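Please work through the following exercises with the sequence and the model at hand. Each task is followed by a solution in steps.

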Amino acid sequence: MDATRDIRLAGLELGGTSCVASFCKGQPTNIIKDYRVPTTTPEETLGKLKAWLIEQGPFDALGIACFGPVDLNRNSKTYGYITSTPKTQWRYVDVVGAFVDLSIPIGFDTDVNAPALAEITYGPHSYANSSSYITIGTGVGVGVVANREPIHGLMHTEGGHVMVAKLANDDYQGSCEFHGACVEGLVNAQALAARKHIMPTDLAKLSDDDAIWSIAANYIAQLCANITYLLSPELIIIGGGVPKRKCLIPLVREHFQQIVNGYLDVNKLKYHIDEYIVSSAFGDRIGMIGACELGKRALDTVTRQ
């Protein structure tokens with residue numbers, strides 16, 4: 001009998017616009033129920049999520065996939081905290097600490113490392129040992145997994161703030177309060193909407209042939225090229241609200257190949273680019289699955305001790 005079938009894992013996906021609590025039974029892909037709330041104050045948001053988890057519990061473990069920057073150093077006094085986020089109300093909030101009284105193992109990582117991990121663990125790319133996940137919405141985040149483990153060095157990766165070459169036909173100065181025209185400052189929803197003098201919610205009304213999509217795709221492709229040159233993952237997954245525009249990822253692939261310009265003699269990059277730069281096989285559920293996977297790994301660690 002497979003004992004994992006009865007394991008109940010909870011997951012929290014904390015994003016800049018909304019947060020989702022969910023739980024699964026057995027494997028993280030078997031999501032039973034979820035609960036979404038808008039991201040307001042830490043007290044209100046975390047309080048609602050915790051109350052829902054208590055109502056739905058008990059659980060064997062909890063995974064938290066959180067927007068950042070966050071402190072992942074277990075020897076740090078601020079482990080489990082959000083740190084220098086642009087969301088001022090959330091700076092130096094003890095996220096893990098808000099749930100420790102549930103008295104279950106807690107896994108904690110970024111909201112991009114978790115999907116990068118889940119995609120190669122449960123998706124059609126299970127052959128891969130490495131991946132990078134890019135999310136593009138209110139911000140831009142980049143998660144990286146190598147040897148099936150999220151990369152934690154000095155801290156987690158912050159690839160959304162990589163600087164890229166500005167296009168001659170783009171005079172937008174960038175929206176990032178720290179760096180101006182970094183990738184996040186050029187392609188997040190606010191930046192795209194500002195160029196068109198519309199609200200981010202109205203981006204859906206733009207046509208596929210609007211020049212804004214090619215501009216965005218070029219910057220995202222530059223990011224993908226930098227990730228490829230520096231980290232050499234076996235695939236790059238792109239998710240978030242902005243890439244729901246169906247023309248965007250094909251444009252990113254096209255710009256990527258133009259930027260690389262045949263330099264990398266790799267069949268996948270030359271002839272099967274649609275297998276290298278991909279959307280998630282799990283769609284919007286990838287964040288929930290990733291969060292539950294963090295919980296599963298936390299439980300596995302405790303079980304092995």
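The exercises below concern a predicted model and treat a sheet, an aromatic cluster, a helix and several salt bridges.

**Exercise 1. The open sheet**

Task: Determine in which order the five strands of the open sheet lie, and identify the strands that stand at its edges.

Solution.
1. The order of the strands is E10-E9-E8-E11-E12, and their pairing is mixed.
2. Strand E10 (149–150) and strand E12 (277–279) each have a single partner strand, so these two stand at the edges and one side of each lacks a neighbour in the sheet.
3. At the E10 edge, strand E9 (residues 140–146) pairs with E10 in the antiparallel sense, over two bridges.
4. Within this part of the sheet, alanine 146 is found opposite glutamate 149 of E10.

**Exercise 2. The surroundings of phenylalanine 23**

Task: Classify the aromatic pairs that phenylalanine 23 forms with tryptophan 52 and with phenylalanine 59, and state which parts of the chain they link.

Solution.
1. The whole structure contains seven aromatic pairs.
2. Phenylalanine 23 and tryptophan 52 lie 6.1 Å apart, centre to centre, with 40° between the planes, and this pair is tilted.
3. The pair joins distant parts of the chain, 29 residues apart: phenylalanine 23 belongs to strand E2 (residues 18–25) and tryptophan 52 to helix H1 (residues 42–56).
4. For phenylalanine 23 and phenylalanine 59, the ring centres are 5.4 Å apart and the planes stand at 50°, so this pair is tilted.
5. Phenylalanine 59 is 36 residues from phenylalanine 23 and lies in the loop between H1 and strand E4 (61–66).
6. Phenylalanine 23 and tryptophan 52 are buried, and phenylalanine 59 is buried.
7. One aromatic cluster is formed by Phe23, Tyr35, Trp52 and Phe59.
8. In addition, arginine 8 lies over the face of phenylalanine 23, at 4.9 Å from the ring centre.

**Exercise 3. Helix H5 and its N-terminal end**

Task: Describe the span and burial of helix H5, then establish which contacts aspartate 210 makes.

Solution.
1. Helix H5 (residues 211–231) comprises 21 residues and reaches 30 Å from its first C-alpha to its last, close to the 30 Å expected.
2. The helix is mostly covered, since 15 of its 21 residues are buried.
3. Aspartate 210 caps the N-terminal end of H5, with a side-chain oxygen 3.0 Å from the backbone nitrogen of isoleucine 212.
4. The side chain of aspartate 210 also meets that of lysine 196 in a salt bridge (3.1 Å, N to O).
5. This salt bridge links helix H4 (residues 189–196), which holds lysine 196, to the loop between H4 and H5, which holds aspartate 210.
6. Aspartate 210 has a relative accessible area of 17% and is therefore buried, whereas lysine 196, at 31%, counts as partly exposed.
7. After H5 comes serine 232, whose phi is positive, near 50°.

**Exercise 4. A salt bridge within helix H8**

Task: Explain how glutamate 293 and arginine 297 are placed along helix H8, and assign each residue as buried, partly exposed or exposed.

Solution.
1. The two side chains meet in a salt bridge (3.1 Å, N to O).
2. Because glutamate 293 and arginine 297 are four residues apart in helix H8 (residues 286–304), about one helical turn separates them.
3. Glutamate 293, with a relative accessible area of 4%, is buried, while arginine 297, at 24%, is partly exposed.
4. A network of salt bridges links Glu149, Glu293 and Arg297, and glutamate 149 is the residue of E10 that stands opposite alanine 146.

Terms used: Residues numbered from 1 in each chain as written. Predicted model: local features only at pLDDT ≥ 70, side-chain atom pairs only at ≥ 80, totals over all residues. Heavy atoms only, no water. Pairing = 2+ DSSP bridges. Phe/Tyr/Trp six-rings, centres within 6.5 Å; stacked < 30°, edge-to-face > 60°. Buried < 20%, exposed > 50% of the residue type's maximum accessible area, 1.4 Å probe, protein only. Lys NZ or Arg CZ within 6 Å of the ring centre and 35° of its normal. Expected span 1.5 Å × (residues − 1). Polar contact = N/O pair within 3.5 Å; in protein donor to acceptor, adjacent residues only side chain to side chain. Salt bridge = Lys/Arg side-chain N within 4 Å of Asp/Glu carboxyl O.
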